[in-house]
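User: Please take me through this model by question and answer, beginning with burial and then turning to overall form and the aromatic residues.

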Amino acid sequence: MASEASVPNYELLLSRVDANREDLQSKEQSEKDAHFAGTQKLQEEFEKLRQSKSYSGAESDDDLAAIDWEFWTSIVADYSNMARAHPSELTRAVQNGLPPPLRGTIWQLMASSKSLLLEDVYSSLLTESSPHEKGIQRDISRTSFAKTANQDSLFNVIKAYSLWDPDVGYIQGMAFIAVPLILNMKEEEAFCLLVDLMKIYTLRDLFLPDMPGLHVKLYQFDRIIEDTLPAVHVHLARQGVLSSMYASQWFLTFFAYKFPLPIVLRIFDIVVAEGLEAILRFGVALLRRNVDAIVNLEFDALVNFLKNGLFDVYIDSESSTKHYHKTPSIFKGSSSSQSQETTYRVNELVADAYAVKILPAALKKYEAEYNEVHKAEVERTEEIENLRTLNGQLTLQIKRLENSLATLNREHIEVANEMVQGKVEIEKLRDENTDLKAENEDLKAKNVELQERIETLPAELEAQMEAKVKEEMDSLMARNLEVMNLNQTLEDQMAALETELVDTKVQ
């Protein structure tokens, strides 16, 4: 491992330099001018520091005296070209840790982040209100790691980013990324570098709602473990331990959730120089140093070890027990907030990380694999969803058919009952028909008899009618005679009355 570390592994550094240059070249001219002006301002500030050789953050003059001013002056003058011309020397310098007085300046030059235009945008964003302000304040107040930085500046930077990138907004844990920036540069510069880390370094892909970038990084990590530590890969697979169970926080916080600030700053040096892929180095190095422990643990103990015990191999036990805790802990109530300070052998950790060779071409290959796998999973998920939708529709259709079947069954029963009733009625009608037929036969017989009688009736009726007419005529004649006699009597009475009336008038 030591022999591997002696040979600088600078492929990621050059890949990052090319990516930053391509991004800068793709910008509009006004943005390019703002970046060039920002770079020039950084160079002027560096020159002033070099000339004065005084630094308010230095604990002693040795901090400045130890700086290789000639080397860093050439880096600041033209970082991109110097990185391509002397990648080995730059990689060694990054591996040894950037000089604290120059750290903020070098970070900004590496990322080409300083932009006077973006700093003006930052100033305008501070005048606006963010819907995430309460959440930001709450998390900052609960995170001891954040108390190492100016609280107002930290709040301003995170709030401004939540407004600048509403798709991401604010995600718990952003303070872990912002604190090292605030501690090494002005807050407007910290905002610009945070924007570049999120956008150019694709850190925002890890913070988007679906975390697509995080899934890619975890897949790349799994593939590297499979290629370089097959025993660990097989054991984790057999135990059902996924990298997402323990490694997600590595990428989201740059290990700030676990390590003290001095180590986090060293990790930031490498991340800014090489990109987020540098976290893969540290992850592989941690597993490599703990192979024996990992392959002998089972699920529960294994997950706990990967989350908490994986880092203990780098603890400097002698230094950790000699003095009390001076560096603020990451979380209130965490194990790091105990009275004794935990000191890590950071140089050994970084050396182990650089012993892990990661090639950009391999990472692109793994990313392409993930995209294919993810595409297949998405298609399978869509197919499953379509099948679920179709299944739901068919289930609904089945329910409707079942309801229709129940209705038809009821109707069938009703029809069957009606048929039974109809058959009973038919039998009844058949009986009635038989009776009617018999009655009809009787009527036919009677009809024949009546016909025979009718044929004999006319002669008898005629004699009867003549006798009856004669009798009635005789009766009428007698009555007529009686009426005539009565009429004559009445006439006689009338004549007598008239005579009597005349006599009366005469008298």
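User: What percentage of the 507 residues of the protein count as buried?

Analyst: This is a predicted model, in which local features need pLDDT of at least 70 and side-chain atom pairs count only at pLDDT 80 or more, while totals for chains, interfaces and linings use all residues. Residues are numbered from 1 along each chain as its sequence is written, and side-chain values use heavy atoms, with hydrogens and water left out. Taking buried as under 20% relative accessible area with a 1.4 Å probe and protein chains only, the share of the 507 residues is 39%.

User: What is the radius of gyration of the protein?

Analyst: The secondary structure comprises 24 helices (DSSP runs of H or I, at least four residues) and zero strands (E, at least two). The globule rule, 2.2 Å times the number of residues to the power 0.38, gives 23 Å for 507 residues, and the protein is well over this and therefore more spread out than a compact globule. Taken over C-alpha atoms, its radius of gyration is 56 Å.

User: Is the aromatic pair of Tyr257 and Phe311 stacked or edge-to-face?

Analyst: Rings of Phe, Tyr and Trp (its six-membered ring) pair if their centres lie within 6.5 Å, with planes under 30 degrees apart counted as stacked, over 60 as edge-to-face and the rest as tilted. For Tyr257 and Phe311 the centres are 6.4 Å apart and the planes are at 80 degrees, which makes the pair edge-to-face.

User: What is the relative accessible area of Phe311?

Analyst: Tyr257 counts as buried at 16% relative accessibility. Phe311 is also buried, and its relative accessible area is 0%.

Note on methods: Buried means under 20% relative accessible area, exposed over 50%, partly exposed in between (1.4 Å probe, protein chains only).
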